[in-house]
Amino acid sequence: MEADLSAIAEGLATVRARIASACARAGRPVDSVQLIAVSKLHPAALIRQCHGAGQRDFGENYAQELRDKASELGDLSDLHWHSIGPLQANKAKYVARWAHAFHALDRLDVARELSRRRQGPPLQCYLEINLAGEASKSGIPPGQAETLLEAVRQLSGLEVIGLMCLPPMATDPESSRPHFRALRELAGALRLPGLSMGTTADFEVAIEEGATAVRVGTAIFGERPPE
Ligand SMILES: *Cc1c(COP(=O)(O)O)cnc(C)c1O
């Protein structure tokens with residue numbers, strides 16, 4: 001446990017330092033980028049350690065895993081959960097109940113269910129955009145963003161604050177840059193301030209292109225255990 005603890009604190013410190021350098025290069029204040037520690041498939045005990053090292057925002061992909069970890073860590077009242085994976089309407093109740101933000105909104109039926117179930121402060125939402133038209137990925141084509149945005153704006157309990165993307169996997173972070181830039185341009189056209197983009201593979205490039213939230217797992221926690 002002792003070794004894990006310092007590994008997590010070290011991973012976190014390294015990522016924070018890299019974010020600070022990227023912000024400096026881009027001429028941006030360091031607090032303009034929110035770090036979301038993606039903890040999917042890692043045990044709740046590890047999240048507790050990361051929280052102990054000062055991290056407050058955590059990302060989870062699977063609604064039931066989010067529910068289980070949120071109730072197990074319910075004593076950490078300043079911890080914010082970000083639901084970052086695709087969601088089905090029948091699991092929306094868990095996200096509505098436990099999440100602070102939802103980064104993968106791409107369906108009106110899911111938005112309606114989240115709205116119906118949400119109590120308390122509005123759920124902060126990002127529309128997920130499938131920029132490269134990858135059939136295997138979720139997200140809507142850029143041309144449908146405005147229509148979905150207007151429809152979601154009619155719903156109570158949800159606040160659309162930005163756009164999210166997950167570019168095609170690549171070994172070179174530079175290959176993500178045109179996608180990040182396209183997301184920024186689309187968000188600008190829609191007058192949305194939030195840009196959730198960048199993972200372990202490419203978060204520094206994302207920051208250079210205007211990311212306001214980066215979703216980083218492996219660089220903080222190490223490799224994920226198999227599903
Ligand atoms: C898993 C995941 C991440 C984090 O990926 P890492 O490569 O571990 O940093 C970020 N965003 C989404 C949507 C994910 O599913």
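Modeller: Quick ground rule before we start: a polar contact is a pair of N or O atoms within 3.5 Å. This is a predicted model, where local features need pLDDT of at least 70 and side-chain atom pairs count only at pLDDT 80 or more, while totals for chains, interfaces and linings use all residues. Residues are numbered from 1 along each chain as its sequence is written, and side-chain values use heavy atoms, with hydrogens and water left out.

Colleague: OK, what makes asparagine 61 a polar contact of the ligand?

Modeller: A polar side-chain atom of asparagine 61 sits 2.8 Å from a ligand oxygen, so it falls within the 3.5 Å limit. Arginine 224 also has a polar side-chain atom 2.8 Å from an oxygen atom of the ligand. For arginine 215, the partner is a ligand nitrogen, at 2.9 Å. The protein covers 88% of the 390 Å² of accessible area that the ligand has on its own (Shrake-Rupley method, 1.4 Å probe).

Colleague: How do you know that there are zero disulfides?

Modeller: A disulfide here is a pair of cysteine sulfur atoms within 2.5 Å, and a search of the whole structure finds zero. Take cysteine 23: the nearest cysteine sulfur, from cysteine 165, is 17 Å away, so cysteine 23 is in no disulfide. Cysteine 165 is in none either, with the nearest cysteine sulfur, that of cysteine 125, 17 Å away.

Colleague: And why is cysteine 23 called buried?

Modeller: Buried means under 20% relative accessible area (exposed is over 50%, partly exposed in between; 1.4 Å probe, protein chains only). Cysteine 23 has 1%, so it counts as buried. Cysteine 165 is also at 1% relative accessibility, and therefore buried.

Note on methods. A polar contact is a pair of N or O atoms within 3.5 Å; within protein, one must be able to donate a hydrogen and the other to accept it, and residues adjacent in sequence count only if both atoms are side-chain atoms.
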